[in-house]
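Visitor: Could you walk me through this model, element by element, with the criteria stated as we go?

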Amino acid sequence: MSSLNKPLIILGAGGHAAVLVDILRQQRRDIMAIISPGNDVLRPVFDGLSRWHDNDDVLQCAPDEVELVNGLGSLPGNTHRQKLYGDFVCKGYVFAKVIADSAVISPYAHLGDGVQVLHKAVVQAGTDISENTIINTASVVEHDCCIGAHNHLAPGSVLSGGVHTGNSVHISTGAVVIQNINIGDDVVIGAGVTINKNVAEAVTVYGARPFVKTH
Ligand SMILES: CC(=O)SCCNC(=O)CCNC(=O)[C@H](O)C(C)(C)COP(=O)(O)OP(=O)(O)OC[C@H]1O[C@@H](n2cnc3c(N)ncnc32)[C@H](O)[C@@H]1OP(=O)(O)O
């Protein structure tokens with residue numbers, strides 16, 4: 001169970017982490033540190049925050065003293081974000097939810113630990129979103145959807161009512177899924193694609209295939 005009061009440690013210091021820290025600073029959340037293992041040039045949004053260099057630096061804090069924020073972004077085929085989440089959950093740590101103030105979340109939706117809902121995203125009533133999933137900027141998850149763990153709904157993607165996704169699904173920027181579709185585990189839906197049939201697990205769907213129907 002996550003709390004709004006515990007100090008946060010941000011794992012990662014790239015573009016996705018920058019968006020999250022921006023949201024959290026606007027909400028005046030207590031950020032204890034960001035962890036940036038490399039020699040990245042730090043962005044202005046991180047100014048004034050303590051910088052740690054190793055993910056294991058988290059272990060100096062007991063799991064009940066802090067909450068973690070998964071600052072790694074998610075692209076098709078890259079499992080670092082999911083692995084990082086699993087490694088720290090196994091050690092007893094909890095990942096905080098990050099919800100932008102401009103997001104619209106129904107009180108009748110359920111969000112799992114570590115779910116991130118970014119600016120202008122909408123999550124409608126009856127929807128369930130499992131752990132460590134990103135609902136990215138301006139994406140829409142309509143009523144009664146069931147979204148698996150470790151999904152990434154990239155910016156501007158739209159899931160109509162009653163869509164079910166498995167775990168580790170990536171729905172790319174601007175993709176659209178019509179109502180009551182089932183999408184299997186480990187699927188990638190390409191940018192801008194419209195999905196109107198169920199998708200079996202572990203496939204990538206991309207490219208335009210317009211139909212022309214005579215009236
Ligand atoms: C805040 C953020 O930035 S979050 C990150 C958002 N980014 C995303 O969501 C990533 C989206 N990625 C995609 O859509 C990718 O194109 C994928 C994953 C669907 C496919 O990637 P790959 O398997 O590497 O395919 P690849 O790039 O080799 O393209 C193969 C062919 O399909 C075409 N193609 C690839 N994706 C698409 C697409 N979405 N729509 C139409 N055509 C496409 C390519 O142009 C290429 O055609 P060509 O051979 O005639 O040149």
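Guide: This is a predicted model, in which local features need pLDDT of at least 70 and side-chain atom pairs count only at pLDDT 80 or more, while totals for chains, interfaces and linings use all residues. Residues are numbered from 1 along each chain as its sequence is written.

Visitor: Which strands do the buried residues of H1 pack against?
Guide: Helices (H or I, at least four residues) and strands (E, at least two) are DSSP runs numbered from the N terminus, and a residue is buried if 20 or more other C-beta atoms lie within 10 Å of its own, exposed if 12 or fewer, and partly exposed in between, with C-beta atoms placed from the backbone. The buried residues of H1 are His16, Ala17, Ala18, Val19, Leu20, Val21 and Ile23. With contact taken as C-beta atoms, placed from the backbone, within 7 Å, these buried residues pack against S1, S2, S4, strand S5 (98-99) and strand S8 (116-117).

Visitor: How many Å apart are the end C-alpha atoms of H1?
Guide: The expected span of a helix is 1.5 Å times one less than its number of residues. For the 12 residues of H1 this gives 16 Å, and the end C-alpha atoms agree with that, being apart by 17 Å.

Visitor: Which element supplies the largest share of the largest nonpolar core?
Guide: A nonpolar core is a set of buried Ala, Val, Leu, Ile, Met, Phe, Trp, Tyr and Cys residues joined through C-beta atoms within 7 Å, and the largest one here has 54 residues, of which Ile10, Leu20, Leu68, Val69, Val117, Val123 and Ile135 touch the most other members. Elements that each supply at least two residues of this core include strand S1 (8-11), strand S2 (31-35) and helix H2 (80-90). The largest share, 6 residues, comes from H1.

Visitor: Where does this core lie relative to domain 1 and domain 2?
Guide: The bounds, which come from an automatic or database domain assignment, divide the protein chain into domain 1 (8-96) and domain 2 (98-204). Both domains give residues to this core, so it lies between them.

Visitor: Which element gives the most to the side of domain 1 that touches domain 2?
Guide: In all, 15 residues of domain 1 are in contact with 14 residues of domain 2. The elements giving two or more residues to that side of domain 1 are H1, S4 and H2. The most, 5 residues, is given by H1.

Visitor: Is Ser168, which has a positive phi of about 60°, buried or exposed?
Guide: Most residues other than glycine have a negative phi. Ser168 is not a glycine, and it lies in the loop between strand S16 (164-165) and strand S17 (170-171). With 22 other C-beta atoms within 10 Å, Ser168 is buried.

Visitor: Which residues does Val177 touch, not counting residues up to four places away in sequence?
Guide: Val177 lies in strand S18 (residues 176-177) and is buried, with 24 other C-beta atoms within 10 Å. Beyond the excluded sequence neighbours, Val177 touches Leu159, Ser160, Val163 and Ile195.

Visitor: Which residues are the closest to the ligand?
Guide: A residue counts as near a molecule if its C-beta atom, placed from the backbone, lies within 6 Å of it. The shell around the ligand divides into 9 nonpolar, 7 polar and no charged residues, where Ala, Val, Leu, Ile, Met, Phe, Trp, Tyr, Cys and Pro count as nonpolar, Asp, Glu, Lys and Arg as charged, and the others, Gly among them, as polar. Of the 16 residues that surround the ligand, the closest are Ala154, Ser172, Gly190, Ala191 and Tyr206.

Notes: Two residues are in contact if their C-beta atoms, placed from the backbone, lie within 7 Å.
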